[in-house]
Amino acid sequence: IHKTYLALTHGKVPKKIKTLKSNLTYFDNKKKITQSALTHIKVLKSNEAYSYVELNPITGRKHQLRKQLLEIGNPIIGDNKYYNINTRRLKNKNLMLHAYKIKFMINNVKFNFMAKFNKDFKYLLETIF
């Protein structure tokens with residue numbers, strides 16, 4: 001299964017970053033669990049304040065994309081859980097993370113599905129770029 005997400009983030013994501021590698025930690029019944037996470041990232045557009053990125057997660061960890069973007073200093077617009085307290089944030093009631101494409105194969109038959117942006121994502125994308 002190949003998934004592609006699009007995100008609008010705070011700050012300028014450096015174009016030189018092509019891969020996000022992390023050790024993500026969570027707790028299950030007070031037991032600390034650490035899992036590796038890998039995501040390919042491509043900057044589609046950016047300015048000094050915001051970035052529009054394409055994300056291809058290789059692993060599928062809980063909140064992986066949100067945590068990894070926060071780690072590099074570029075939290076997703078509208079993320080009220082994973083954000084940098086010291087950064088001035090654009091207030092938005094919706095998380096600007098869009099599940100854009102999914103590709104998979106069943107019995108040698110390829111399936112490809114794409115989803116259009118919702119109106120809030122499209123409006124913000126057009127407004128900030």
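**Pocket, core and a covered helix**

β1, β4, α1 and β5 (97-106) each put at least two residues into the lining of the largest pocket. Keep in mind that this is a predicted model. The chain has two helices and six strands, and β1, β4 and α1 turn up again in the largest nonpolar core, where each supplies at least two residues.

**The pocket**
- The largest pocket holds about 300 Å³ of space.
- Of the 18 residues lining this pocket, Lys 3, Tyr 5, Pro 57, Thr 59 and Gly 60 sit closest to its centre.
- β1 gives the largest share of the lining, with four residues.
- Sorted by class, the lining is a mix of six nonpolar, seven polar and five charged residues.

**The overall fold**
- Reading from the N terminus, the elements go β-β-β-β-α-β-β-α.
- The radius of gyration is 15 Å, close to the 14 Å that the globule rule gives for 129 residues, so the chain is as compact as a globular protein of that length.
- If you want a feel for the dimensions, the C-alpha trace spans about 45 × 40 × 30 Å along its principal axes.
- Of the 129 residues, 34% count as buried.
- Take the contacts between residues at least 6 apart in sequence: 57% of them join residues at least 24 apart.

**The nonpolar core**
- The largest nonpolar core has 22 residues, and the ones that touch the most other members are Leu 8, Ile 41, Val 53, Leu 55, Leu 69, Ile 77 and Met 96.
- The elements that each bring at least two residues to this core are β1 (2-10), β3 (31-46), β4 (50-57), α1 (64-71) and α2 (119-128).
- Ile 77 is a good one to click on: leaving out residues up to four places away in sequence, its contacts include Leu 8, Tyr 50, Leu 90, Leu 95, Met 96, Leu 124 and Ile 128.
- Ile 77 also touches Thr 9, His 10, Asn 92 and Asn 94.

**Helix α1**
- α1 is mostly covered, with six of its eight residues buried.
- Those buried residues are Gln 64, Leu 65, Arg 66, Lys 67, Gln 68 and Leu 69.
- They pack against β1, β2 (19-28), β3, β4 and β5.
- Leu 69 is buried in α1 and is also one of the core residues that touch the most other members.
- After α1 comes Gly 73, which has a positive phi, near 90°.

How values were computed. Residues are numbered from 1 along each chain as its sequence is written. This is a predicted model: local features need pLDDT of at least 70, side-chain atom pairs count only at pLDDT 80 or more; totals for chains, interfaces and linings use all residues. Side-chain values use heavy atoms; hydrogens and water are left out. A nonpolar core is a set of buried Ala, Val, Leu, Ile, Met, Phe, Trp, Tyr and Cys residues joined through side-chain atoms within 4.5 Å. Buried means under 20% relative accessible area, exposed over 50%, partly exposed in between (1.4 Å probe, protein chains only). Contact means heavy atoms within 4.5 Å. On a 1 Å grid over the protein atoms alone, a cavity is a set of points where a 1.4 Å probe fits but cannot get out, and a pocket is an open set with protein on both sides within 12 Å along at least five of seven lines; lining residues have an atom within 4 Å of a point. Grid points are joined across faces, edges and corners, and a volume is the space filled by probe spheres set on the points. Ala, Val, Leu, Ile, Met, Phe, Trp, Tyr, Cys and Pro count as nonpolar, Asp, Glu, Lys and Arg as charged, and the others, Gly among them, as polar. The radius of gyration is taken over C-alpha atoms; the globule rule is 2.2 Å times the number of residues to the power 0.38.
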